[in-house]
Number of protein chains: 2
Amino acid sequence: MASMPNHAPHPSPPQPVDLILRPRWLIPVEPANQVLENHDLVVHQGRIAALSPRAETAQRYLASQIQDLPEHVLMPGLVNTHCHAGMALMRGIADDQPLQAWLETAIWPLESRWVGTEMVRDGTLLACAEMLQAGVTTFNDMYFFPEAAFEAIDQSGIRASLGILAFDVASAYGHDADDYLNKGLAVRDTLRDHPRLSFMLAPHAPYTVSDATFERVATLAAQTNLGIHIHVHETQHEVEQSLAQYGERPIARLERLGILGPQTLAVHAVALDDTDIDTLARYNVHMAHCPTANLKLASGIARTSAVAAAGINITLGTDGAAGNNRLDLLSEVRLAGLLAKGSHQDASLFPAHRLLYMATLGGARALGLADHIGSLTPGKQADLCAIRLDTPSTLPVFDPASHVIYAAGREHVTDVWVSGQSVVKKKQLVQISEEEVSLKARLWQNRFRG
Amino acid sequence: MASMPNHAPHPSPPQPVDLILRPRWLIPVEPANQVLENHDLVVHQGRIAALSPRAETAQRYLASQIQDLPEHVLMPGLVNTHCHAGMALMRGIADDQPLQAWLETAIWPLESRWVGTEMVRDGTLLACAEMLQAGVTTFNDMYFFPEAAFEAIDQSGIRASLGILAFDVASAYGHDADDYLNKGLAVRDTLRDHPRLSFMLAPHAPYTVSDATFERVATLAAQTNLGIHIHVHETQHEVEQSLAQYGERPIARLERLGILGPQTLAVHAVALDDTDIDTLARYNVHMAHCPTANLKLASGIARTSAVAAAGINITLGTDGAAGNNRLDLLSEVRLAGLLAKGSHQDASLFPAHRLLYMATLGGARALGLADHIGSLTPGKQADLCAIRLDTPSTLPVFDPASHVIYAAGREHVTDVWVSGQSVVKKKQLVQISEEEVSLKARLWQNRFRG
């Protein structure tokens with residue numbers, strides 16, 4: 001046997017991995033306020049394996065695929081905590097109307113005629129296409145026929161939290177609240193092992209759900225450990241109607257009925273007084289702030305400064321495309337920051353890194369998914385979004401986090417991954433065909449007009 | 001001589017023209033509230049020759065070039081009525097600070113070190129690139145060294161209104177207000193025949209301009225018939241400072257000094273009381289509403305509902321990229337609409353066609369250019385913008401005007417013309433090189449950091 005050379009301990013061989021991404025900047029979101037340069041993101045079996053200093057990557061990892069992102073920020077995919085995806089087919093069909101008129105004269109009549117599995121599937125596919133191209137990797141949905149929404153979710157490669165609807169108004173989907181709940185629970189039973197699906201109970205709103213239904217929802221939440229996704233205090237009108245009908249504000253009523261808790265997501269939450277904010281904070285309720293929809297439907301401006309000061313987790317939602325009219329979370333997070341600064345006349349409120357948190361990890365927490373997504377943390381799912389900053393609208397670059405919020409938009413999103421799978425590549429959809437999506441949207445355009 | 005056949009009057013031969021554009025929809029802006037289908041836009045010698053019913057176009061016009069825009073809205077190019085283009089190089093260099101701190105600790109020190117002809121030319125070129133790709137065909141500028149800005153304007157093919165600055169603060173550009181004015185007037189004397197340039201007197205703001213300088217500006221305005229472009233009532237702080245120093249509100253002071261009139265453009269105009277609004281309305285002053293900058297710098301939310309009710313012409317401005325941080329007029333006009341609806345809780349305020357007017361013809365009026373640009377009117381310059389609506393984020397299409405405002409963004413702008421010259425084609429800059437623009441932006445990034 002030949003003599004062994006005298007040498008340092010033998011280095012371990014490079015670990016085989018699926019994918020190495022080499023961005024100009026990495027924003028992990030957690031730890032907070034960091035922008036890493038000269039770091040690679042290592043992905044294996046759908047998860048983040050490491051954030052590797054570039055100088056060490058080659059000796060540590062051997063990748064099946066390496067992708068350079070030389071002028072890009074790589075960050076967690078965006079989390080849209082409130083959407084009615086199927087309504088994408090009604091984008092722009094009725095504008096410049098307040099919430100109640102818009103619902104009663106435009107949206108509900110259309111829905112009562114057309115909602116069904118085909119519409120929900122096609123509308124959700126359109127919404128998934130739009131959201132993926134805008135860097136949204138997870139959305140929280142509340143709509144009829146979640147089993148049809150699932151088909152589009154499954155096909156497009158996006159991650160979603162589906163609502164198990166409760167609604168005391170009959171529709172093509174359900175004849176009463178129990179029917180809605182039973183159907184939603186059955187969908188969950190069938191699909192609960194899907195790797196990109198989760199579920200929340202979704203009682204629509206205080207003005208459409210009875211006390212008895214809320215009590216059943218509270219019981220189900222306790223039994224199943226599911227979160228609760230609900231519109232709350234969207235308008236002052238809603239609060240006044242509740243005072244007239246129940247003698248209490250909706251949030252007080254929800255408290256009495258056991259709906260508030262650390263897995264409850266209060267959507268909109270515009271018309272809040274100090275007591276409402278205290279109550280939400282006391283129960284550790286999360287907020288889905290939907291600034292565009294709140295402005296466009298004239299609901300008002302949410303009191304995000306006071307809400308944040310109370311310690312409430314503020315997340316961002318697009319609402320549905322019928323009311324917004326875009327499913328563009330980068331627009332929402334920018335607007336959330338601008339509105340907070342301007343309406344409270346304090347420019348230091350919600351700085352860029354804080355806003356990025358709200359659009360990613362904050363959202364993941366609200367959906368009960370913070371252990372799985374929302375930050376570039378080893379072990380989490382590789383839900384990622386790359387944003388290109390070497391364009392005339394994003395140069396020069398002094399602070400990439402500022403640019404993601406204030407200068408860039410969905411037009412700068414180039415590549416998106418969900419669980420390590422490419423879903424958008426060079427701005428093009430990967431898992432679904434833009435032609436198919438467009439064709440279906442045009443089909444429904446003709447039907448709605450006909 | 002052979003006998004002439006007996007026939008109907010001989011049709012006139014087709015008229016030779018330079019360009020025929022065949023869009024899916026034409027929004028002329030004037031007449032108001034119209035969306036034309038099956039119409040072509042005929043361009044000759046830089047001007048709009050006709051809006052021709054498609055069925056008649058071929059027999060009437062013989063074009064050197066025909067361009068199909070089968071899924072596009074064709075509309076007037078956007079008019080950005082307030083910009084500091086040279087500041088594009090400072091995009092994102094200091095965020096999340098209120099106006100005075102931002103100016104005094106970040107922007108002014110940087111400007112005092114770096115402002116010069118090279119910076120203004122390179123910064124303006126970057127701004128022109130960004131604005132053109134966003135469908136902006138005219139901008140109204142206020143910055144140092146307008147002769148350097150001109151070089152970028154000339155090169156890029158954009159139209160601009162250049163400010164003849166008046167400023168009682170010394171800088172690398174001027175040592176006192178007379179020096180600024182004399183230099184600006186000399187630039188105007190040299191460049192006044194340029195086909196894409198116009199000029200306005202630009203006294204910076206009430207808090208940086210003395211009574212004596214305002215008096216000279218008023219005299220010059222009367223002598224030259226130039227308009228006046230000025231920051232006014234941007235913050236409550238400005239109003240209070242003026243009350244302390246002059247014993248009157250800035251607008252009252254400007255009235256006394258003869259600065260207000262039907263060619264005056266009041267920028268920002270956030271901190272307005274009812275008397276201020278009455279005064280601006282009485283003098284037919286125009287307003288440059290800059291909603292993003294007003295929010296981001298925590299100046300507040302302008303009272304656009306009351307301003308519009310008083311009959312004041314509201315136009316849109318991006319402000320400079322250092323404060324916004326994007327030169328994206330479609331973002332501004334959407335935000336203007338959303339803010340008005342939300343802050344006044346009236347969803348019917350500023351419907352989509354009204355907002356389109358503000359971003360085009362309203363802006364042209366404020367710059368004294370309404371006879372030349374701002375609508376698709378035969379005889380006007382062919383300053384045009386095509387916006388593509390067959391994408392997953394803009395389908396279906398029920399109302400193209402709504403989509404331009406609420407669903408589309410600069411990412412949907414595909415082609416832009418100024419005076420009939422192509423400046424953006426399939427999203428790419430035509431007259432200037434994106435590589436050159438980017439290289440220069442990076443150069444300044446390094447200098448500012450160094």
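The following exchange goes through the terms used for this predicted model.

Modeller: The model is predicted, so local features need pLDDT of at least 70 and side-chain atom pairs count only at pLDDT 80 or more, while totals for chains, interfaces and linings use all residues. Residues are numbered from 1 along each chain as its sequence is written, and chains are lettered from A and ligands numbered from 1 in the order in which they are written.

Biologist: What makes the relation between chain B and chain A that of a two-fold axis?

Modeller: Copies are superposed by least squares on the C-alpha atoms of residues with pLDDT of at least 70 in both. Chain B falls on chain A after a rotation of 180° with 0.0 Å of shift along the axis, at an RMSD of 0.0 Å. That is the relation of a two-fold axis.

Biologist: Which residue of chain B comes closest to the rotation axis?

Modeller: E411(B), whose C-alpha is at 2.7 Å.

Biologist: How many residues of chain B are in contact with chain A?

Modeller: Two residues are in contact if their C-beta atoms, placed from the backbone, lie within 7 Å. By that test 55 residues of chain B are in contact with 55 residues of chain A. Helices (H or I, at least four residues) and strands (E, at least two) are DSSP runs, numbered from the N terminus; among these elements, α16(B) gives the most to this side of chain B, with 7 residues.

Biologist: What classes do the residues on that side of chain B fall into?

Modeller: Ala, Val, Leu, Ile, Met, Phe, Trp, Tyr, Cys and Pro count as nonpolar, Asp, Glu, Lys and Arg as charged, and the others, Gly among them, as polar. On that basis the side has 24 nonpolar, 17 polar and 14 charged residues.

Biologist: Why are β12(B) and β13(B) called paired?

Modeller: Two strands pair if DSSP finds at least two bridges between them. β12(B) and β13(B) are joined by 3 bridges and run parallel, so they pair. A288(B) stands opposite T315(B) in β13(B).

Biologist: What makes β6 and β13 of chain B edge strands?

Modeller: Each of the two pairs on one side only. The open sheet of 8 strands has the order β6-β7-β8-β9-β10-β11-β12-β13 in chain B, with parallel pairing.

Biologist: What is the angle between helix α4 and β8 of chain B?

Modeller: Axes are lines fitted to C-alpha atoms, for helices over the stretch in contact, and angles run from 0 to 180 degrees between N-to-C directions. Helix α4(B) packs on the sheet and makes about 175° with β8(B). Helix α6(B) runs at about 150° to β9(B).
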